[in-house]
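Open the model in your viewer and keep the selection tool at hand. We will go from stop to stop, and each stop says what to select and what is there.

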Amino acid sequence: MPEQIGFIGLGIMGKPMAKNLLKAGYSLTVYDIVGEPVEELVTEGAARGSSNKDVASKSDTIITMVPDSADSEAAILGPNGVLEGAKAGSVVIDMSSIAPLVSQRIAAECANKGVEMLDAPVSGGEPGAINATLAIMVGGKQEVFDQNFDLLKTMGSNVVLTGDIGAGGITKLANQIIVAANIEALSEAMVLAQRAGVDPEKVFNAIRGGLAGSAVMEAKGPMMLDRNFRPGFRIRLHQKDLRNVLQTAQELNVPLPATALMQQILGALVNEGEADSDHAAILHFIEDLAKVEVKRGG
Ligand code: NAD
């Protein structure tokens, strides 16, 4: 077990992940630009960091869990950031979902200071973070992965090294294509059933065990039926992920037609004031096209 862990970014995901590390007996110093979750973690036994630099100076391994590429760059490379405080030989594990090319750039800056880096984005949402059942997809050196496997396993049930630095991010982007397209297809199916006068809940129960069934359907179907669009995973974050998918695909000359369409749909939902709704609210876009509202009982 590494001696001291730093944890930066205590939002929907980071807070429960940090709590699981505390529960497992790790010694934690935490920081977020918002004070309230820091206080909560301190109540549960973490030490309070005064900045990202301060956290890094007190830690052997520093985990970051912030929204996007620019936030990871600010937290790690920026003024008062992790690299200003990190000792040579320490390891940065960025678990945020960011552009793989940015992970590679941050890792190169870390290497200049003798600091190792893994990119290790996750899937499984808030429930996965709370229950420590996240899928964790990792890019980096095998020996750095091996050294941090137990730490990552404390937060997830499936921890896989998929390649060099940036490969974790590529894996996460692949994941986000599939999740977005699944939610959109589920929305179309629910709206069709509703308009046809067939109870969407019965449709859900009839097909969930067949070929169409999926983890996405299990997570988002009940939310749609409950009309619960509380995040969860915010539309704005999924829009960010698909932007990173499409930028990466453009660099690699890979056409992704369904992803491009999904990006337009998410953009329209942001204009409708849904940026902070759960991505189950993709349903609203399809409902608006048909002028139908999905509800239990059909
Ligand atoms: P969030 O917005 O709830 O939390 C992010 C936290 O980072 C906030 O508390 C914010 O104050 C903090 N932060 C931002 N910049 C910072 C900085 N420079 N220094 C210190 N703290 C900073 O987001 P989230 O839902 O927890 O998501 C975090 C990452 O995990 C994102 O990349 C997201 O795409 C990914 N993710 C989220 C989910 C989900 O279901 N929410 C699932 C899988 C992956």
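**Stop 1: helix 9 and helix 14**

Select helix 9 and helix 14, the latter being residues 282–290. Their axes lie 9 Å apart, and the packing angle is about 40 degrees. Keep in mind that this is a predicted model. How do helix 9 and helix 14 lie to each other? An angle of about 40 degrees falls outside the ranges for roughly parallel, roughly perpendicular and roughly antiparallel, so the two helices are oblique to each other. The crossing of this pair is right-handed.

Now show the side chains at the contact. From helix 9, pick Ile183, Glu184, Ser187, Glu188, Met190, Val191 and Arg195. From helix 14, pick Ile282, Leu283, Ile286, Glu287 and Ala290. Colour these residues by class: seven are nonpolar, one is polar and four are charged.

**Stop 2: helix 9 and helix 13**

Keep helix 9, residues 167–196, and add helix 13, residues 257–271. The axes of helix 9 and helix 13 are 10 Å apart, at an angle of about 65 degrees. Helix 9 and helix 13 are therefore roughly perpendicular to each other. Their crossing is left-handed.

Which residues meet here? On helix 9, select Ile177, Ala180, Ala181 and Glu184. On helix 13, select Thr259, Met262 and Ile265. By class, this contact has five nonpolar residues, one polar and one charged. Glu184 of helix 9 is worth a second look: it touches helix 13, and it is also part of the contact with helix 14.

**Stop 3: helix 10 and helix 11**

Next, select residues 200–207 for helix 10 and residues 215–226 for helix 11. Their axes come within 10 Å and cross at roughly 165 degrees. Angles over 145 degrees count as roughly antiparallel, which is why helix 10 and helix 11 are described that way. The crossing of helix 10 and helix 11 is left-handed.

Show Pro200, Glu201, Phe204 and Ile207 in helix 10. They meet Met217, Glu218, Gly221, Pro222 and Leu225 in helix 11. Six residues of this contact are nonpolar, one is polar and two are charged.

**Stop 4: two backbone details**

Go to the loop between helix 11 and helix 12 (235–251) and find Gly232. A cis peptide bond joins Pro231 to Gly232, with omega about 15 degrees.

Then jump to the loop between helix 4 (69–77) and helix 5 (82–85), where Asn80 sits. What is the phi of Asn80? Phi is near 65 degrees, a positive value in a residue other than glycine.

**Stop 5: the ligand**

Finally, select the ligand and show what lies around it. How many residues surround the ligand? There are 24, and the closest are Met13, Asp32, Pro67, Ser97 and Lys240.

Zoom in on these pairs of atoms:

- Asp32: an N or O atom of its side chain is 2.6 Å from an oxygen atom of the ligand.
- Val66: a backbone N or O atom lies 3.2 Å from an oxygen atom of the ligand.
- Gly232: a polar backbone atom is 3.3 Å from a nitrogen atom of the ligand.

You have met Gly232 before, at the cis peptide bond with Pro231.

Note on methods. Residues numbered from 1 in each chain as written. Predicted model: local features only at pLDDT ≥ 70, side-chain atom pairs only at ≥ 80, totals over all residues. Heavy atoms only, no water. Axes fitted to C-alpha atoms, helices over the stretch in contact; angles between N-to-C directions. Helix = DSSP H or I, 4+ residues; strand = E, 2+ residues; numbered from the N terminus. Parallel < 35°, antiparallel > 145°, perpendicular 65-115°, else oblique. Left-handed = near helix turned anticlockwise from the far one by under 90°. Contact = heavy atoms within 4.5 Å. Nonpolar A, V, L, I, M, F, W, Y, C, P; charged D, E, K, R; others polar. Near = heavy atom within 4 Å. Polar contact = N/O pair within 3.5 Å; in protein donor to acceptor, adjacent residues only side chain to side chain.
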